[in-house]
Amino acid sequence: DHVGALYNLGRMTRGRGTSESKADWERHDAMQLGLQDDPMFADLLVAIQDSIPELDQKGLSRVLMGLGDTHEDLPFGHATTPNAHLRRLFAVVEGTCARLLSTWTGVPSASLDDRDLGFPLFALSRLGIYDEKVFQTASGLLAAKLSEDPPLPTQGLRQWLLACNSLNHSLTEFSESIAGYKPSESWVKEEDSRLHQMAGALAHLSTPDPLLSNVIGEVIARPPSHLQGSKAVALYGLKVVDLLSKAGCLQSDAQLLPEHGRVLDQALEQKSKVVRRASHLENVLGNALSRCGFEPCQDVVVSPGLSADFQCTVNGNSFFVEVEGPSHFCVRPFWRPRGRAVLKQRVFASQGWPLVSIPYWIAAPPGAYIRRGLPGRPPSLEVSEKELKDLVREQLDVWHSTCKEHQVRQWWAADRVEKK
């Protein structure tokens with residue numbers, strides 16, 4: 001069973017179903033297993049591709065889940081992954097997605113297992129591969145399950161939202177159905193970190209209430225100390241909700257209590273004390289920004305849990321710079337920004353902070369990157385200082401011409417203002 005072999009290999013890679021958990025590995029280590037160079041793994045992918053026409057929904061779901069587990073670091077390392085392996089991988093993903101679409105066509109949502117809809121989306125988000133038709137079709141079926149009896153489980157809703165947010169897939173069409181979701185069990189039973197993660201996931205919606213207010217209501221009903229044990233990524237989502245709400249840029253009445261906000265900031269500050277090593281790319285661009293006269297200060301904390309790669313100055317005014325590395329974009333389509341990059345722009349805009357994005361490919365084309373641990377040259381700036389300066393100034397000009405501070409603070413609340 002080739003699909004079973006891939007699926008179980010993925011579980012072993014991530015430490016699932018074993019006594020040893022590898023969930024805290026450094027983010028590139030899984031790819032360092034060398035599966036992309038193993039001839040036997042290449043043969044396994046070819047065999048799976050041949051078997052796709054015969055697979056049922058669960059088998060198709062397991063293919064994508066196995067690929068997601070064995071290639072979780074692909075978004076970080078796709079620029080250095082061998083082309084032959086990428087072609088094999090993409091062929092399996094494309095064939096699986098096409099087969100999934102054919103099995104979903106004309107089938108009522110009630111007859112489908114929500115896991116066979118949500119798991120493929122979650123696996124694709126981990127791979128960084130976006131297929132608009134797959135996401136749109138599965139989202140329509142999952143949205144229909146929100147009103148079924150029993151409704152879509154909260155875990156299914158959370159995974160669906162996280163997958164769509166990760167690849168910047170809009171759920172505006174289903175926003176009203178999601179906002180009106182009522183779980184089969186009370187939010188009281190939801191684990192802290194998952195509750196906080198749900199709140200952050202809902203911040204991507206244009207109209208998240210009443211669901212977001214209900215979730216935040218449960219958050220503040222619990223002692224503030226419950227925030228301290230939550231995962232950093234979940235707390236970051238909660239901080240995003242807090243910042244957008246206070247800026248009037250989220251169509252929600254959700255508000256954290258002052259004491260919860262204070263503990264949240266403390267928890268984020270504590271978790272951010274882990275030393276972050278600047279990349280070669282950031283160092284190269286930092287030197288270039290300095291030569292351009294922008295006076296960069298590297299690794300700045302703008303707000304608890306919210307940082308920027310650089311804070312710079314031009315004509316006496318401060319602005320921030322984010323170096324968008326390979327993981328900030330989809331693996332396919334190649335230059336599609338991922339949701340976290342878009343959300344960061346939204347948060348900075350809500351606070352009136354100009355944020356300039358510099359994509360990694362201006363420092364060196366993808367083919368110039370080397371795999372970690374192998375000899376080769378580090379990234380060197382491929383654009384001239386004039387081109388870099390023009391790129392920064394163009395983004396600042398757009399920001400100041402269309403997003404004056406008072407406008408920016410209301411930008412994301414425009415629909416709400418018009419409806420009052």
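**A tour from the sheet to two lysines**

Start at S303: its bridge partner in β2 is L306. The model is a predicted one, and the tour begins at this pair of residues.

Next, select residues 306-314, which make up β2, together with β1. These two strands pair in the antiparallel sense, over five bridges.

Widen the selection to the whole sheet. Four strands form it, in the order β1-β2-β3-β4; the sheet is open and its pairing is mixed. At the edges are β1, residues 297-303, and β4, residues 355-359, each of which pairs on one side only. From one strand to the next, the twist averages 45°.

Now add residues 280-291, helix α14, which packs on the sheet. Helix α14 touches β1, β2, β3 (317-324) and β4, and its direction makes about 20° with that of β2.

Leave the sheet and select residues 132-145, helix α7, where K145 lies. Is K145 buried or exposed? K145 counts as buried because its relative accessibility is 6%, against a cut-off of under 20%. Show the contacts of K145: leaving out residues up to four places away in sequence, K145 touches S109, A110, L112, D113, D114, L117, P151 and L152.

The last stop is K58, in helix α3, residues 57-70. K58 has a relative accessible area of 41%, so K58 is partly exposed. Beyond residues up to four places away in sequence, K58 touches D113 and D116; D113 is also among the contacts of K145. Finally, select P120, 62 residues from K58 along the chain: the C-alpha atoms of K58 and P120 are separated by 9.7 Å.

Key
Residues numbered from 1 in each chain as written. Predicted model: local features only at pLDDT ≥ 70, side-chain atom pairs only at ≥ 80, totals over all residues. Heavy atoms only, no water. Pairing = 2+ DSSP bridges. Axes fitted to C-alpha atoms, helices over the stretch in contact; angles between N-to-C directions. Contact = heavy atoms within 4.5 Å. Buried < 20%, exposed > 50% of the residue type's maximum accessible area, 1.4 Å probe, protein only.
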